[in-house]
Amino acid sequence: MSRDNSRAMWYAVVAGLGLALVFLGLGLYLALTGEGASSSEGERTAAARKVSGPDMVLIVLDAMRADRVGAERKGVPVTPFLNKLREEGAWFPDAMTACTWTRPAMASLFTSAYVETHGIVFAAVDEAAGDRQTALGKERATLAGVLAEAGYATAGVQTNGNLFPVMGFDRGFQHYDTSLDAPGQWVTDTSLKALSGLSSPFFLYAHYMDTHVPYHSSDKWRQLLGYDGAALSEEERKIVEDFKDYYVEWCHYVKGRHEVFAFEELSEAGKEAALLLYDASVREVDEAVRILVEGVWAKSPEAVVVVLADHGEHFWDHGLLGHGLSVYDCELRIPLIIHGGKTPPGRQEGLAEIVDVAPTLVSLTGLDQPVEWQGKNLFSHVERPAYARTQSDSPAWNVELDTVVAGDLKLIVNGKDGTQQLFDRKADPEEEQDLSAERPEDLSALLSLLHRHRADNLRRRSGGHTEVTVDPETLEQLRQLGYMH
Ligand SMILES: [Zn+2]
């Protein structure tokens with residue numbers, strides 16, 4: 001049997017038997033724990049009864065690249081506290097988001113649904129369309145909702161306007177604090193204040209924006225990591241120290257709104273300085289997370305702490321900046337750590353998806369996950385392909401990208417122009433060698449997986465999203481984040 005045939009057979013085994021393994025694994029789990037016996041088929045969740053599950057904290061670092069966890073700057077760690085969590089907890093080195101911008105990705109996290117299932121796509125701020133926004137619908141079960149129904153006290157602290165109550169992301173939270181673009185210290189302080197009012201079991205969600213453009217870290221962290229603005233020209237120094245103007249102009253340019261890019265291209269030293277300032281923001285948020293988690297531990301030493309990102313970020317990788325424009329690994333891969341409770345520590349091999357996080361947390365309570373959730377319990381170690389889709393319904397963005405990852409291979413399909421790219425992630429982690437012409441059997445096998453996946457999503461799609469109008473202040477924040485027509 002050729003290598004390609006062998007690989008094609010493996011895909012068939014994964015795709016065909018994956019579901020059976022899920023049920024087998026679930027059956028063994030239920031038999032061992034005695035949980036779930038009261039559930040009946042079709043029941044949305046077994047959450048009618050109260051549970052005594054662990055306290056849980058879900059921490060999202062917006063636009064945090066996976067490769068920054070464990071990074072160093074001249075021997076100085078960029079993420080000392082996340083390093084500690086990673087060493088002590090379960091670390092998923094091959095974790096993927098389901099979409100490379102915030103709102104759909106967070107909908108996938110909260111509702112364990114892929115993008116075409118929940119239907120929240122890029123409805124950018126668009127004057128012609130009357131600022132139409134897609135928001136989380138009321139019908140789909142959310143992580144916070146399932147836990148609240150099971151007796152958890154729930155609280156969220158939010159700094160990204162994409163996830164404000166008008167967008168439906170407060171569903172299931174009994175308490176939801178918001179502040180547009182507030183710094184990490186505010187998120188930590190507000191979370192600890194909310195925590196003081198929560199009784200066990202509790203679910204606390206904190207969303208940090210420090211790692212999102214414009215990377216306004218304080219001088220303390222910039223100096224710690226060795227930033228030297230004086231080494232740059234005055235013009236480049238201004239650009240990298242307030243990156244938002246450059247970034248927003250770049251968004252205008254790539255969307256064809258501006259004919260000419262208004263800035264000079266940054267030098268290599270300027271680009272490196274911009275990445276260093278991103279790292280300084282990562283270092284600052286690492287400290288804010290440390291203070292929050294130590295505060296949680298003071299109240300609940302056994303609490304389960306989850307840290308992840310909604311998506312990554314381009315820093316000129318593949319010639320791009322920001323996020324929401326590609327499904328390359330610099331955007332697609334996310335950090336994912338689950339620490340504490342009875343979670344098994346250590347490096348967890350295999351693909352992990354953002355849709356798996358909610359099922360994993362619910363499994364820790366002994367409850368069944370809602371039947372419509374598409375993810376799996378990460379600790380069931382079921383091997384299966386991973387999928388993502390980044391889509392815009394705004395003509396200016398012109399993005400419709402699907403991807404499937406299976407084994408070492410990754411297929412990207414561009415729905416706008418029909419092009420396909422096939423990469424060997426192990427041999428070519430930078431995704432520079434397109435193998436689609438050389439390996440037609442692999443291409444065909446991955447295309448089949450993707451077609452089945454999309455058909456399954458469309459079959460499941462109902463009630464995932466709704467349309468809303470948004471207040472001017474939040475719209476302005478979205479414009480400042482680059483989400484504009
Ligand atoms: Zn984001």
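This passage walks through the nonpolar core, one helix and one small sheet of a predicted model.

A good place to start is the inside of the structure. In soluble globular proteins, nonpolar side chains tend to be buried together. Here, the largest nonpolar core holds 126 residues, and Val57, Ile59, Leu204, Val305, Val306 and Val307 have the most contacts inside it. Helix 10, spanning residues 268-299, supplies the largest share of this core, with twelve residues. To see what such packing looks like, it helps to follow Val305. Leaving aside residues up to four places away in sequence, Val305 touches Val57, Ile59, Leu85, Val293, Val296, His339 and Gly340.

One of those contacts, Leu85, leads to helix 2. In this helix, which covers residues 80-88, Leu85 is buried along with Phe81, Leu82 and Arg86. These four lie on the same side of helix 2, because the arc they cover around the axis is only 140°. An α-helix has 3.6 residues a turn, so residues three or four places apart point the same way. The cover over the buried residues of helix 2 includes helix 10, strand 4 (90-91), strand 10 (304-309) and strand 14 (336-339).

The last stop is an open sheet of three strands, in the order 13-5-16 and with mixed pairing. Strand 13 (333-334) and strand 16 (352-353) each have a single partner strand, so one side of each edge strand has no neighbour in the sheet. Strand 5 (residues 95-96) runs antiparallel to strand 13, and two bridges join them. Within this pair, Ala95 has Ile334 of strand 13 as its bridge partner.

Methods
Residues are numbered from 1 along each chain as its sequence is written. This is a predicted model: local features need pLDDT of at least 70, side-chain atom pairs count only at pLDDT 80 or more; totals for chains, interfaces and linings use all residues. A nonpolar core is a set of buried Ala, Val, Leu, Ile, Met, Phe, Trp, Tyr and Cys residues joined through C-beta atoms within 7 Å. A residue is buried if 20 or more other C-beta atoms lie within 10 Å of its own, exposed if 12 or fewer, and partly exposed in between; C-beta atoms are placed from the backbone. Two residues are in contact if their C-beta atoms, placed from the backbone, lie within 7 Å. Two strands pair if DSSP finds at least two bridges between them. The arc is that of the directions from the helix axis to the C-beta atoms.
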